[in-house]
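Here are my notes on the model you sent over. Have the structure open while you read, since the points go element by element.

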Amino acid sequence: MRHPLLLAALLATTPLAAQTPAPIDTVDPMIGTGGEGHTFPGATAPFGMVQLSPDTDTRCEIRACYSHAAGYRYEDPTIQGFSHTHFSGAGHSDLGDVLVMPAVGARVALDPGDPKQPGTGYRSRFDHKTEAAHPGYYAVTLADSKVRAELTAGTRIGVHRYTFPAGQAAHLLIDLRSSLYNYPGKVLWSGLHLRPDGVLTGFRETRGWAPGRKLYFAMRFSAPLTDHAFVDREEKLLYKGFQGPGRGSDALAEKLGRALEARLDFGVLNAPLEVKVALSGVDENAAVANLASESGDFDAVRARTTAAWEKALGAVAIDAPAPIRTSVYTALYHALLAPTVWSDADGRYRGPDDQVHQAKGFTFRSTFSLWDTFRAEHPLLTLVQPEQTTADVVQSLVASQQFSPDGILPVWQFAGRETWCMIGYHAVPVIADAYLKGLRGFDADAALAAMVASADHRAYGGLGDYIDRGYVPIDKEPEAASKTVEYAFDDWSIARMARAMGKTDIADRFEKRAGNWRNSFDANSGWLRARLSTGAFRTPFDPTAINYGSDYTEGNAWQYSWFVPQDEAGLIALLGGDAKTIAKLDAMFDFDTSKVDYSHAEDIAGLIGQYIHGNEPSHHVAYLYAYAGAPWRTQARLKQIVDSQYKPTPDGLAGNDDLGQMSAWLVFTALGFYPVAPGSNQYVLGRPFVSRAVLTLPNGRRFTVVADGLSDAHPYIGAVTLNGAPLSRSFVTDAELRAGGELRFTMAAAPNTSWGSGAAARPFSISAR
């Protein structure tokens with residue numbers, strides 16, 4: 001302070017990178033924990049099996065589950081405990097396994113109590129001011145017990161560190177009854193075993209969203225137990241273990257039942273208590289082995305996971321103002337949470353047939369929300385995690401199909417179990433996109449066979465009628481209009497991969513099926529509509545209607561009439577050409593929403609007219625202006641979407657993050673391009689939202705995006721160059737990106753209506769070949 005001029009000079013000469021927070025310090029895991037983002041703030045490693053996070057007020061009963069799908073909701077004033085499994089941004093709740101809660105004093109409550117009545121149970125009040133959330137680390141002070149709780153996680157382990165008030169007896173409460181999406185009888189069976197070496201192991205089988213899910217755990221403590229009690233709340237009987245230190249060291253305490261809890265006593269401690277927990281889908285011994293596979297105390301595990309996050313987030317270097325930089329890096333963080341590791345350290349995993357299998361040469365992944373993530377999440381992973389992660393994903397999908405009792409690729413899978421949630425066979429474009437981009441490390445022939453088997457599975461979702469008629473009839477199958485167009489896109493993906501592999505017969509068959517979208521498009525009205533078995537379109541028809549189980553999946557005709565990623569040029573022709581298409585797109589965004597009520601539809605959020613950013617069917621729509629020769633309209637709409645749908649705050653996501661899809665959309669859009677049709681090997685240019693970004697590719701090359709003059713006053717693209725040469729088309733190819741180089745945008749105050757407008761400048765469509 002005595003040398004202000006010297007200090008100013010030093011700051012002036014410090015490189016910008018040194019003044020800018022590191023990517024890991026820019027991430028805010030609290031984004032999406034409020035509103036309906038459904039993210040969790042707790043500790044996890046990239047794609048980690050363990051998501052160790054606090055659960056707040058509602059361990060919900062069926063109808064209350066949607067708002068607490070991730071266990072934590074920012075608006076809640078109490079924490080019920082810390083559990084080890086969570087979805088990031090899902091529209092359905094489950095998991096919340098192995099709830100742990102510290103307690104102090106002579107009495108340990110066995111029920112969580114009423115969040116509105118402090119002291120009625122083991123839950124505790126907390127203040128956000130005492131929270132800290134960073135990639136791989138979470139901490140909070142529990143106001144009622146004054147315990148400081150810290151959490152970190154490795155790939156298959158979670159580590160708790162609890163600092164208890166001085167002089168107070170320390171306890172842990174383990175509640176195996178507790179779960180997200182609770183209802184009577186959800187826990188089919190569970191067990192607790194205290195081993196002679198002091199390791200607590202256990203399991204539970206649940207009949208939740210994924211029926212018959214089995215999870216095993218092992219728990220080691222940094223201090224010896226002084227006493228413990230196991231209780232089955234169904235039996236109302238208490239099992240007492242050894243009494244006091246030094247007794248029962250050779251005993252094996254066990255309790256089996258459907259409503260188990262454990263009280264673990266440690267006496268007065270003179271150091272923080274560390275609790276290391278490992279999970280497994282195989283058995284308890286496998287959980288013990290996973291426990292041993294990741295060594296070190298709390299700080300060592302945290303340091304390794306911090307390094308893993310620094311490496312993963314370092315794939316993209318961003319120069320942008322703090323708010324958008326925080327939003328984009330947090331989006332990248334959320335995109336790196338799933339698909340999660342499911343195989344153990346020795347490669348074993350429990351598959352969709354409920355049998356234990358061995359992953360050879362890859363790590364088995366699960367948690368596939370494919371209806372959401374095929375759009376942008378998986379294409380993003382092919383850039384920022386293109387080698388082992390993408391190869392793992394493809395091999396996991398194929399292995400799942402091979403061991404599936406139904407012989408179909410995953411639809412919505414977690415913990416190796418199928419939920420059959422949502423529609424389509426969208427593992428197909430994930431595999432095709434990876435193959436067509438030149439990514440390998442998997443058996444392409446086996447992958448293509450799995451894709452064809454799924455597409456020909458006549459018993460699934462109206463596929464028999466789709467194969468026979470060329471469309472799904474609504475009087476035989478709900479959501480028929482959506483299924484028809486989504487199947488057609490998946491079929492095109494099969495055709496693309498088969499053609500690249502020289503499988504001409506397969507390519508020809510599925511190329512024909514890729515045109516089936518036309519069979520549900522009513523050219524007279526200009527809408528995608530559901531058809532009856534007679535061939536007639538169903539009436540009455542309202543393009544604004546959103547009713548679950550009706551003609552469309554989580555949407556209406558406004559959103560689904562644009563879902564032809566493989567042939568937008570064909571759609572434009574049916575709509576009457578460029579001008580009419582642009583007018584209809586404008587009408588979608590400018591629709592007066594006061595005329596509709598979607599309060600009954602949980603997933604419908606983030607409305608801009610009939611554009612619904614909080615749900616995936618709309619995600620590619622703003623980019624469709626480019627297919628009609630008006631990319632400047634895409635640029636304007638993207639600014640409208642980013643400004644209104646993303647904020648660096650707890651309620652900063654307009655809708656469910658859906659295992660990274662909402663976040664991946666922002667990462668791509670911020671960089672200035674988006675994969676409208678995964679499998680086309682093209683990215684449609686939008687406009688960048690960061691002034692500079694450097695994508696570091698595994699081959700050592702770098703692809704740099706620069707936006708000269710970017711500001712709110714310059715929201716449009718004036719000109720584009722690729723590696724110094726003018727770029728007149730409104731797309732770049734995957735090969736151009738992977739080759740490295742520079743994509744430079746010159747931003748302008750007014751739109752350049754001639755750039756990208758010509759027919760040759762437009763992105764890929766089947767009809768424009």
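The numbered points below cover cavities, two buried residues, strand pairing and one helix.

1. First, a reminder that this is a predicted model. Everything below is computed from its coordinates, so please read it in that light.

2. On internal voids: the structure contains 9 cavities of 30 Å³ or more. The largest cavity encloses about 240 Å³ of space. Its lining is made up of 24 residues, and the ones closest to the centre are M49, Q51, L95, T340 and T367. If you want to set up a view of this void, those five residues are the ones to centre on.

3. What is the lining of the largest cavity like by class? It divides into 13 nonpolar, 9 polar and 2 charged residues. As for secondary structure, β13 (211-221) and β20 (340-341) each contribute at least two residues to that lining.

4. The second largest cavity holds about 70 Å³ of space. Around the second largest cavity you will find F374, R375, F489, F563, P565, E616, H620, Y674, P675, V676 and P678. By class, that makes 8 nonpolar residues, 1 polar and 2 charged.

5. Now H86, which sits in the loop between β3 (81-83) and β4 (99-104). Is H86 buried or exposed? Its relative accessibility is 3%, and the cut-off for buried is under 20%, so H86 counts as buried. The side chain of H86 makes a polar contact with the side chain of S83, at 3.1 Å. Leaving out residues up to four places away in sequence, H86 touches F40, Q51, S53, D55, A70, G71, L95 and L180. Two of these link back to point 2: Q51 and L95 are in the contact list of H86, and both are among the residues closest to the centre of the largest cavity.

6. V277 is another one to look at. This residue belongs to strand β18 (residues 273-280), and it is buried, with a relative accessible area of 0%. Which residues does V277 contact beyond its neighbours within four places in sequence? They are H84, R156, I157, G158, H160, F217, A218, M219 and L291. There is also a pair to check on the backbone: the C-alpha atoms of V277 and V159 are 6.1 Å apart, although 118 residues separate them along the chain.

7. Strand β11 (residues 187-194) has 6 of its 8 residues buried, so it is largely enclosed by the rest of the structure. It runs antiparallel to strand β12 (residues 200-207), with 7 bridges between them. Within that pairing, G191 has F203 in β12 as its bridge partner. The β11 and β12 hairpin has 5 residues between the strands, and G198 takes a positive phi near 90° there.

8. β11 also pairs with strand β16 (residues 253-257), again antiparallel, through 5 bridges. Here L194 stands opposite A253 in β16.

9. Further along, strand β38 (residues 741-748) has both kinds of pairing. With strand β34 (residues 702-708) the sense is parallel, over 6 bridges, and V706 has R744 of β38 as its bridge partner. With strand β35 (residues 716-722) the strands run antiparallel, also over 6 bridges. In that second pairing, I717 stands opposite M747.

10. There is an open sheet of 3 strands in the order β24-β25-β26, with antiparallel pairing. Its edge strands are β24 (368-369) and β26 (417-418), each of which pairs on one side only. β24 meets strand β25 (residues 412-414) over 2 bridges, and F368 has Q413 in β25 as its bridge partner.

11. Last, helix α16 (residues 568-575). Which residues of α16 are buried? They are E568, G570, L571, I572 and L575. The buried residues of the helix pack against β27 (521-522) and α17 (578-590). Just after α16, G576 takes a positive phi of about 105°. If you are checking backbone torsions, look at G576 together with G198 from the β11 and β12 hairpin.

Definitions and conventions: Residues numbered from 1 in each chain as written. Predicted model: local features only at pLDDT ≥ 70, side-chain atom pairs only at ≥ 80, totals over all residues. Heavy atoms only, no water. 1 Å grid on protein atoms, 1.4 Å probe; cavity = no way out; pocket = protein on both sides within 12 Å on 5 of 7 lines; lining within 4 Å. Points joined across faces, edges and corners; volume = space filled by probe spheres on them. Helix = DSSP H or I, 4+ residues; strand = E, 2+ residues; numbered from the N terminus. Nonpolar A, V, L, I, M, F, W, Y, C, P; charged D, E, K, R; others polar. Buried < 20%, exposed > 50% of the residue type's maximum accessible area, 1.4 Å probe, protein only. Contact = heavy atoms within 4.5 Å. Pairing = 2+ DSSP bridges. Polar contact = N/O pair within 3.5 Å; in protein donor to acceptor, adjacent residues only side chain to side chain.
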